[in-house]
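Subject: Handover of a structure and its findings

Dear colleague,

Please find below the structure that I am handing over to you. A description of what was found in it comes after the display.

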Amino acid sequence: MTPERVPILMYHAVAADPGDATRTLSVTPEAFAEQLAVIADRGLTPLTTADLAARWRAGRPLPDRPVLITFDDGYEGVHRHALPALAEHGFPATLFVSTGWIRGAYDTGGGLDTMLDWHQIRRLADAGVEIGGHSHTHPQLDQLDDATLRAELTRCRDIVADELGALPVSFAYPYGYSSRRVRAAVRGHGFAQALAVGNSLARRAQGPYALRRVTVRRATDATEFERLLDGRAIGRTFARDRALTKGYAVVRRTRRLQRLV
């Protein structure tokens with residue numbers, strides 16, 4: 001793996017007994033701790049999303065063997081289980097929150113499992129976790145009309161800013177879906193970089209609004225995790241995911257066109 005190709009790890013729930021809706025994309029606390037130990041033992045250097053993008057934007061060199069640890073949605077286990085493991089190694093990370101899923105005044109009730117509250121998110125931020133945006137209600141952003149898309153981004157950005165005292169600068173697309181229109185809207189709302197999924201390593205050439213990630217899930221064993229870090233056999237590992245994504249893309253484009261007619 002060269003510095004031009006960076007593994008951005010995408011986590012969701014960290015839980016021993018997650019609900020059915022999050023089980024597949026969850027990892028156990030023990031697996032997460034073991035994965036961080038592998039990162040430490042191999043001498044990798046975790047960065048935040050903002051740090052990686054800023055270095056690439058300015059043409060500054062990356063540290064030796066960079067890696068990003070990211071979490072989507074805002075599940076309570078990120079505070080309960082992931083934070084102590086991160087703190088043990090002194091690793092930074094990035095948490096992308098769907099603000100309407102977070103427990104508190106803005107909760108829409110859409111969260112798929114036990115979610116963080118804003119006190120816990122502030123503790124994560126104080127511990128060095130970058131807090132980014134992930135929309136307000138976690139829709140497929142490229143299926144929304146312009147007004148609804150703006151509302152999702154504005155509400156997410158403003159709630160994070162109100163709760164944490166600083167505007168979020170990084171964004172992750174719900175489900176990984178975006179389009180040129182969505183990326184322009186994300187940029188227009190002040191986000192300096194955004195992450196997709198793609199299940200491949202991130203490269204500067206992807207551009208700051210389409211950086212790719214690799215999915216870590218409950219079925220990811222130790223051997224596969226090391227392959228993700230090295231960027232080996234990723235195409236084979238995620239072959240089924242990519243086939244399903246291509247098929248669903250046709251369905252989603254058709255739905256979008258039907259709404260525009």
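The following paragraphs go from the chain as a whole to individual residues.

Please note at the outset that this is a predicted model. The average pLDDT of the chain is 91, and 89% of the residues score at least 70. One stretch calls for caution: over residues 242-257 the pLDDT stays under 50. The model nevertheless has 18 contacts beyond four places in sequence for residues 242-257. Where pLDDT is low, the predicted coordinates should not be read in detail.

**The chain as a whole**

The chain contains nine helices and ten strands. Of its 261 residues, 51% are buried. Among the contacts in the chain with a separation of 6 or more, 64% are between residues 24 or more positions apart.

**Two helices in contact**

Helix α4, which covers residues 118-126, packs against α5 at an angle of about 75 degrees, and the two axes are 10 Å apart. Because angles of 65 to 115 degrees count as roughly perpendicular, α4 is described as roughly perpendicular to α5. On the α4 side, the contact is made by Trp-118, Ile-121 and Arg-122. On the α5 side, Ile-159, Val-160, Glu-163 and Leu-164 take part. By character, the residues of this contact between α4 and α5 comprise five nonpolar and two charged, with no polar ones.

**The loop between β6 and α5**

Two residues with an unusual sign of phi for your attention are Ser-135 and His-138. Ser-135 has a positive phi of about 80 degrees although it is not a glycine. Ser-135 lies in the loop that runs between β6 (129-133) and α5 (146-164). With a relative accessible area of 0%, Ser-135 is under the 20% cut-off and therefore buried.

His-138 is located in the loop between β6 and α5. His-138 is likewise not a glycine, and its phi is positive, at about 65 degrees. Its relative accessibility is 9%, so His-138 counts as buried.

His-138 also figures in a pair of residues that are 27 residues apart along the chain: its C-alpha atom and that of Gly-111 are separated by 9.2 Å. Gly-111 is found in the loop between β5 (93-97) and α4. Gly-111 is partly exposed, with a relative accessible area of 27%.

**Aromatic residues**

A search of the whole structure gives seven aromatic pairs. One of the pairs is formed by Tyr-175 and Tyr-177, which are stacked, with 6.1 Å from centre to centre and 25 degrees between the planes. Tyr-175 counts as partly exposed at 46% relative accessibility, whereas Tyr-177 counts as buried at 18%. In addition, Tyr-11, Phe-32 and Phe-71 form one aromatic cluster.

**Residues brought together from separate parts of the sequence**

Tyr-11 appears again in a pair with Val-214: these two are 203 residues apart along the chain, and their C-alpha atoms are separated by 9.0 Å. Val-214 belongs to strand β10, which spans residues 211-215. With a relative accessible area of 0%, Val-214 is buried.

Thr-22 lies in the loop between β2 (8-11) and α1 (29-41). The relative accessible area of Thr-22 is 5%, so this residue is buried. Leaving aside residues up to four places away in sequence, Thr-22 touches Ala-13, Tyr-75, Leu-112 and Asp-113. Thr-22 and Tyr-75 are 53 residues apart in sequence, and the distance between their C-alpha atoms is 9.6 Å.

Ser-200 is placed in the loop between β8 (193-198) and β9 (202-203). Ser-200 counts as buried, at 15% relative accessibility. The C-alpha atom of Ser-200 is separated by 7.6 Å from that of Gly-235, and the two residues are 35 residues apart along the chain.

**Points to check in the display**

For a first look at the structure, three questions may serve as a guide.

- Which residues of α4 make the contact with α5? They are Trp-118, Ile-121 and Arg-122.
- Is Gly-111 buried or partly exposed? Gly-111 is partly exposed, at 27% relative accessible area.
- Over which residues does pLDDT stay under 50? The stretch is 242-257.

With kind regards

Definitions and conventions
Residues are numbered from 1 along each chain as its sequence is written. This is a predicted model: local features need pLDDT of at least 70, side-chain atom pairs count only at pLDDT 80 or more; totals for chains, interfaces and linings use all residues. Side-chain values use heavy atoms; hydrogens and water are left out. Helices (H or I, at least four residues) and strands (E, at least two) are DSSP runs, numbered from the N terminus. Buried means under 20% relative accessible area, exposed over 50%, partly exposed in between (1.4 Å probe, protein chains only). pLDDT is the predictor's confidence in each residue, from 0 to 100. Contact means heavy atoms within 4.5 Å. Axes are lines fitted to C-alpha atoms, for helices over the stretch in contact, and angles run from 0 to 180 degrees between N-to-C directions. Angles under 35 degrees count as roughly parallel, over 145 as roughly antiparallel, 65 to 115 as roughly perpendicular and the rest as oblique. Ala, Val, Leu, Ile, Met, Phe, Trp, Tyr, Cys and Pro count as nonpolar, Asp, Glu, Lys and Arg as charged, and the others, Gly among them, as polar. Rings of Phe, Tyr and Trp (its six-membered ring) pair if their centres lie within 6.5 Å; planes under 30 degrees apart count as stacked, over 60 as edge-to-face and the rest as tilted.
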